[in-house]
Amino acid sequence: MQTTIPVSFVSPRSLIIMDSYEWLDTKYLFGGDSKMGIDCSHFVYEVFHKRIPTYPYLTTTEYPTSARFKQVPEPAPADLIYWAPPAGDSSGHIAIVIDPDEGTFIGAQSSTGVAIANYTTSYWGGHLRRQYFRFKELVL
């Protein structure tokens, strides 16, 4: 009896979420792109690129203007959540939505490293303006 689900039966969105968990507890490192340390844009890239070889690396602030993404009013699992940089800051933040009903996301935060957080409460749901983006090539 087979005890695992064949990958062909798992949605691409579920695979993205599963792959993102492999990075939990990786420390934050600005400009980092490995399990030794990673920043938010490299985290998103590494997770998506594993399953989608055509996935482009973008800096955080390039997502809103990239033709490969479309802004959506409400996120689905594996969509991206983007926080525009506050005035005087050029970095912004990007992460992967896990469960829109619960408001959870996973990302590489400077304060926690790769961790799960909630975008509807505390810091993330407060004063920061967020947008959601869908990678056009990610088949549901």
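Okay, so Thr54 touches Arg68 and Glu137, leaving aside residues up to four places away in sequence. This is a predicted model, by the way, so take what follows as computed from that. Thr54 lies in the loop between helix H2 and strand E3, which covers 69-72. Glu137 is a long way off along the chain: Thr54 and Glu137 are 83 residues apart in sequence, yet 8.9 Å apart in space, C-alpha to C-alpha. And Thr54 counts as partly exposed, because its relative accessibility is 45%, and the partly exposed class sits between 20% and 50%.

Let's walk back into helix H2. Two residues to look at there. His42 lies in H2, and at 14% relative accessibility it counts as buried. Outside its sequence neighbourhood of up to four places, His42 touches Gly31, Gly32, Asp33 and Tyr57. Val47 has its place in helix H2 too, and with 1% relative accessibility Val47 counts as buried. What does Val47 touch, beyond residues up to four places away in sequence? Ile16, Asp19, Ser20, Trp23 and Ile96. For a sense of distance, the C-alpha atoms of Val47 and Gly113 are separated by 15 Å, with their positions 66 residues apart along the chain.

Now the core. In general, for soluble globular proteins, nonpolar side chains tend to be buried together. Here, the largest nonpolar core has 28 residues, and Phe43, Val44, Phe48, Tyr55, Leu80 and Ile96 have the most contacts inside it. Which elements feed this core with at least two residues each? Helix H1 (12-21), H2, strand E4 (80-83), E5, E6 and strand E8 (130-135). H2 gives the most to this core, 6 residues. There's also a second, separate core of 10 residues, including Trp83, Phe105, Ala117 and Tyr132.

Pick out Leu80 for a second. Not counting residues up to four places away in sequence, Leu80 touches a long list: Val44, Phe48, Tyr55, Tyr63, Phe69, Ile94, Ala95, Ile96, Val97, Gln131, Tyr132 and Phe133. Ile94 is on that list, so let's go there next. Ile94 and Leu80 are 14 residues apart in sequence and 6.7 Å apart in space, C-alpha to C-alpha.

Ile94 is found in strand E5, residues 93-99, and at 0% relative accessibility Ile94 counts as buried. Its contacts, again skipping residues up to four places away, are Cys40, Ser41, Val44, Thr60, Tyr63, Leu80, Ile81 and Tyr82. Tyr82 has Ile94 as its bridge partner in E5, and the two strands, E4 and E5, pair in the antiparallel sense over 4 bridges. As for E5 overall, 6 of its 7 residues are buried, so the strand is largely enclosed by the rest of the structure.

On to the next strand. E5 and E6 pair antiparallel over 3 bridges. Ile96 stands opposite Ile106 in E6, and Val97 stands opposite Phe105 in E6. The hairpin of E5 and E6 has 4 residues between the strands, and Gly103 there takes a positive phi near 75°.

Is E6 mostly covered or mostly uncovered? Mostly covered: 6 of its 6 residues are buried. Thr104, Ile106 and Ala108 point one way from E6, while Phe105, Gly107 and Gln109 point the other way, and all are buried. Then E6 joins E7 through 6 bridges, and those two run antiparallel. Gly107 stands opposite Ala115 in E7, and the E6 and E7 hairpin has 3 residues between the strands.

Last stop, the pocket. The largest pocket has a volume of about 540 Å³. How many residues line it, and which lie nearest its centre? There are 29 lining residues, with Tyr28, Cys40, Ser91, Gly92 and His93 nearest the centre. By type, the lining divides into 15 nonpolar, 12 polar and 2 charged residues. Helix H2 (40-51), strand E6 (104-109), strand E7 (113-118) and helix H3 (122-125) each supply at least two residues of the lining. The largest share, 3 residues, comes from E7. So that's H2 and E6 turning up again: both feed the largest core, and both supply the pocket lining.

Methods
Residues are numbered from 1 along each chain as its sequence is written. This is a predicted model: local features need pLDDT of at least 70, side-chain atom pairs count only at pLDDT 80 or more; totals for chains, interfaces and linings use all residues. Side-chain values use heavy atoms; hydrogens and water are left out. On a 1 Å grid over the protein atoms alone, a cavity is a set of points where a 1.4 Å probe fits but cannot get out, and a pocket is an open set with protein on both sides within 12 Å along at least five of seven lines; lining residues have an atom within 4 Å of a point. Grid points are joined across faces, edges and corners, and a volume is the space filled by probe spheres set on the points. Ala, Val, Leu, Ile, Met, Phe, Trp, Tyr, Cys and Pro count as nonpolar, Asp, Glu, Lys and Arg as charged, and the others, Gly among them, as polar. Buried means under 20% relative accessible area, exposed over 50%, partly exposed in between (1.4 Å probe, protein chains only). Contact means heavy atoms within 4.5 Å. A nonpolar core is a set of buried Ala, Val, Leu, Ile, Met, Phe, Trp, Tyr and Cys residues joined through side-chain atoms within 4.5 Å. Two strands pair if DSSP finds at least two bridges between them.
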